[in-house]
Amino acid sequence: MEKTNFSFHKMNYGTLPESITVVPLKDDVIFPHAILPLFLTGEGLVKAVNEAVSRNECIGVVALKYDVDLPKPDDFYEFGTAAKIVRVFESTPDTIKTLIEGVVRIKVTDHVQTEPYCKARIEEVREFTEKSETIDVLIQSVITLFKLSAMLGKTLPKDVISMIDTINNPSILADLAAIYLELPVHEKQKLLEMIDPKKRLRVVFHYLNKEVQLKQVRGKIDEEVAKEMSKTQREYFLREQLRAIRKELGQEYPHMEEINKLEEKIKEAKMPKEVEDVAIKELERLRDINPASAEYPVSRTYLDYLINIPWNKRTMDNLEIGQAARILDEDHYGLEKVKARILEFLAVRKLKEKLKGPILCFCGPPGTGKTSLGKSIARTLGRKFIRISLGGIRDEAEIRGHRRTYVGALPGRIMQEICRAGSCNSVFMLDEIDKIGADFRGDPASALLEVLDPEQNVSFVDHYLDIAFDLSHVLFITTANILDTVHTALRDRMEVIYLPGYSEEEKLRIAYQFLIPKQIKENGLEQHPVIFQDQSLYKIIREYTREAGLRNLEREIASVCRKIAKEIVAGGQVTKVILPEIVEKFLGPRKYFYQVADEEDRVGVATGLAWTETGGDIIFVEVSRMKGEKELTLTGQLGDVMQESAIAALSYVRSNAKRLGIDENFYDTSEIHIHVPSGAIPKDGPSAGITMCMALISLLTDRLARREAALTGEITLTGNVLPVGGVKEKVLAAIRAGVKIIVLPLKNREDYEEIDKEIRDKIQCVYIQKVDDAIDTVLIQK
């Protein structure tokens with residue numbers, strides 16, 4: 001619709017004919033007294049309009065329900081307005097432009113013609129208005145709101161504001177206000193169809209009131225925005241003036257100098273193209289931030305990390321196999337599997353330049369050199385060494401970082417440590433991976449799945465940086481004491497290398513090669529060399545330590561060195577050779593005893609072997625029989641699996657009692673009690689099944705069980721003995737405890753033969769397939 005005016009004078013239109021030409025009106029509604037230009041097309045419609053002009057007749061203007069080019073009767077609303085053609089501006093055979101004025105409401109009763117133009121029968125809608133105080137109040141209220149709306153920015157013709165004060169007819173006032181309301185066509189049509197002027201005036205008042213409220217709110221918002229814009233523009237102009245003054249004086253903003261340096265660093269960092277684009281974009285954003293703003297240090301820190309990350313910085317690998325082997329031997333004794341794996345990696349790396357770093361996991365008891373081995377590998381390869389401890393970590397953000405929307409956000413530990421190392425091909429050790437926790441903040445183990453997967457870590461995305469970084473060049477090494485607590489999917493991604501405990505001979509050589517020189521240096525005894533005799537070291541190993549690793553041995557050696565340092569400072573006689581009796585003088589009474597060697601053979605007590613997180617150990621299974629009736633008591637804080645092993649052992653003995661020479665009805669009049677000493681220590685696992693079975697058979701046949709024979713193996717109800725794990729740790733524990741014979745499942749033969757021959761020579765090994773195979777070995781004939 002084009003610009004609409006309003007005519008307040010009463011037009012003389014005479015009597016409306018019974019049927020008139022109907023002109024369709026799109027996107028608007030014309031009210032009585034409204035004046036607006038009208039452009040029509042169509043040869044038939046133009047001809048009809050010209051005839052109406054010549055006969056000074058009115059036309060019917062009716063709004064369309066739908067936007068159609070060739071309207072049908074159903075497309076018209078029922079109510080419209082009879083309009084007088086005030087003037088014809090332009091006319092051609094198929095177009096006409098006119099100025100029309102609404103005269104009176106009409107109702108279309110029937111369409112009598114649709115082609116080439118619409119013609120319909122109509123009825124004039126008469127309005128009746130009664131004067132009342134309510135109508136007077138409504139008139140004044142509408143006039144007030146109409147003026148207020150104009151004051152708040154409503155666009156109106158100049159003569160309308162002056163005209164409105166003179167209107168006291170509610171129908172005319174309502175139509176006038178309705179013309180200038182910003183309403184959709186169907187809402188305006190509802191106002192046109194309201195015959196009662198009072199009701200129409202109330203609806204118009206409601207719309208005007210809502211419009212004024214919206215304009216007041218919009219005006220308030222615009223005012224606040226304008227005020228803020230004015231303040232921002234003022235600050236901008238002042239800053240620009242200050243910048244120009246500083247430039248004339250040869251000075252620059254301190255933060256601009258910093259930004260210029262950052263720009264140079266970005267160019268020097270040799271980032272990948274996509275990373276450099278992000279950095280430059282962030283730098284441009286930093287230019288526009290006020291240094292006093294809280295966002296400035298956040299953006300500045302982010303740029304620092306992008307610049308300092310070693311995107312393409314790497315160290316050259318030492319690919320000389322012979323030199324690498326010498327370095328590994330210098331730092332660690334034994335550990336042949338680990339050394340061989342590192343040399344294999346170097347060999348492949350020499351043949352293939354682009355090689356993804358392996359994901360190694362060193363699993364073994366504490367003190368076996370897992371962490372120090374990582375340092376040695378880094379020295380061998382000539383790479384930077386990074387180590388983080390995962391013990392107790394419960395927050396997934398420790399691995400992947402926090403998103404920058406959080407206050408105090410930082411990258412995860414992975415990217416932080418790589419950034420500190422300054423090399424993208426470091427040796428990265430994730431220590432204590434079996435001690436990761438999980439809570440409501442996420443599961444760090446799940447976050448590590450991406451880090452430790454060579455197929456995924458090519459594009460590792462830290463939440464803080466939000467940019468992919470290639471971790472495939474990093475050699476990841478994880479350490480664990482046990483793998484049972486490690487996430488299954490995480491364990492699947494790692495190449496596990498087991499580091500079993502050390503034998504006494506290995507500990508002796510490591511002490512001479514590494515521990516003693518280290519403690520002599522750390523305790524300031526370089527000028528006062530100390531000599532440890534073999535028997536003295538064996539005494540420390542056997543009587544003052546009981547471990548798979550070396551930590552306690554190093555502590556006891558350090559304690560001896562401190563005692564000598566004290567003698568030197570005191571000025572008395574200085575011990576130069578450490579004899580066995582000197583060890584007892586310095587370290588006090590022995591801490592550990594050989595339980596097997598010191599005890600006699602007994603009925604109902606068998607020796608077993610167990611695996612723990614700290615290596616192997618021996619256990620004793622004691623069985624006693626009392627008067628009672630079919631009752632089995634288990635004590636010693638046994639786990640579910642171990643309790644089931646005890647029940648399986650008893651069932652085997654009962655089902656084979658006659659063949660074993662045992663009264664078949666022994667259980668009917670007996671109560672059996674199985675106890676495993678050290679009750680404060682939880683115990684579990686199936687490997688004590690054969691030991692419990694031998695203790696039961698010893699008790700029920702009254703045959704002594706050899707204390708110098710130790711057993712391990714899982715049993716079945718049919719008497720089969722199944723293989724177990726931790727064979728080397730158990731063998732070493734047996735040797736430490738003075739065991740002479742070890743009984744192993746036949747299927748563990750390969751595990752036993754992997755142990756060094758000098759260790760195997762110290763103990764006799766008997767292989768069994770059935771429970772009966774162990775009876776004569778363990779139990780003494782009467």
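The following conversation introduces a predicted protein model.

Q: What kind of model is this, and how are residues numbered?
A: The model is predicted, so local features need pLDDT of at least 70 and side-chain atom pairs count only at pLDDT 80 or more, while totals for chains, interfaces and linings use all residues. Residues are numbered from 1 along each chain as its sequence is written, and side-chain values use heavy atoms, with hydrogens and water left out.

Q: Is the protein spread out or a compact globule?
A: The protein is more spread out than a compact globule, because its radius of gyration is 49 Å, well over the 28 Å that the globule rule gives for 782 residues. The radius is taken over C-alpha atoms, and the rule is 2.2 Å times the number of residues to the power 0.38. Along the principal axes, the C-alpha trace spans about 145 × 90 × 55 Å.

Q: How many of the residues are buried?
A: Buried residues make up 48% of the 782; buried means under 20% relative accessible area, exposed over 50%, and partly exposed in between (1.4 Å probe, protein chains only).

Q: Which residues touch the most others in the largest nonpolar core?
A: They are Ile100, Phe146, Leu173, Val204 and Leu208, in a core of 67 residues. Such a core is a set of buried Ala, Val, Leu, Ile, Met, Phe, Trp, Tyr and Cys residues joined through side-chain atoms within 4.5 Å. Another core, of 57 residues, lies apart from it and includes Leu262 and Tyr305.

Q: What does Val204 contact?
A: Leaving aside neighbours within four places in sequence, Val204 is in contact (heavy atoms within 4.5 Å) with Val142, Ala174, Ala177, Leu181 and Leu191.

Q: Changing topic, how many disulfides are there?
A: There are zero disulfides, a disulfide being a pair of cysteine sulfur atoms within 2.5 Å. For Cys693, the nearest cysteine sulfur is that of Cys765, 19 Å away. Cys693 is also buried, at a relative accessible area of 0%.

Q: In what order do the strands of the open sheet run?
A: Five strands, with parallel pairing, take the order E9-E10-E13-E8-E14. Strands (E, at least two residues) and helices (H or I, at least four) are DSSP runs numbered from the N terminus, and two strands pair if DSSP finds at least two bridges between them.

Q: Which strands stand at the edges?
A: Strands E9 (385–389) and E14 (495–498) do; each has a single partner strand, so one side of each is left without a neighbour in the sheet. Four bridges join E14 to E8 (residues 359–363), and Phe362 stands opposite Ile497 in E14.
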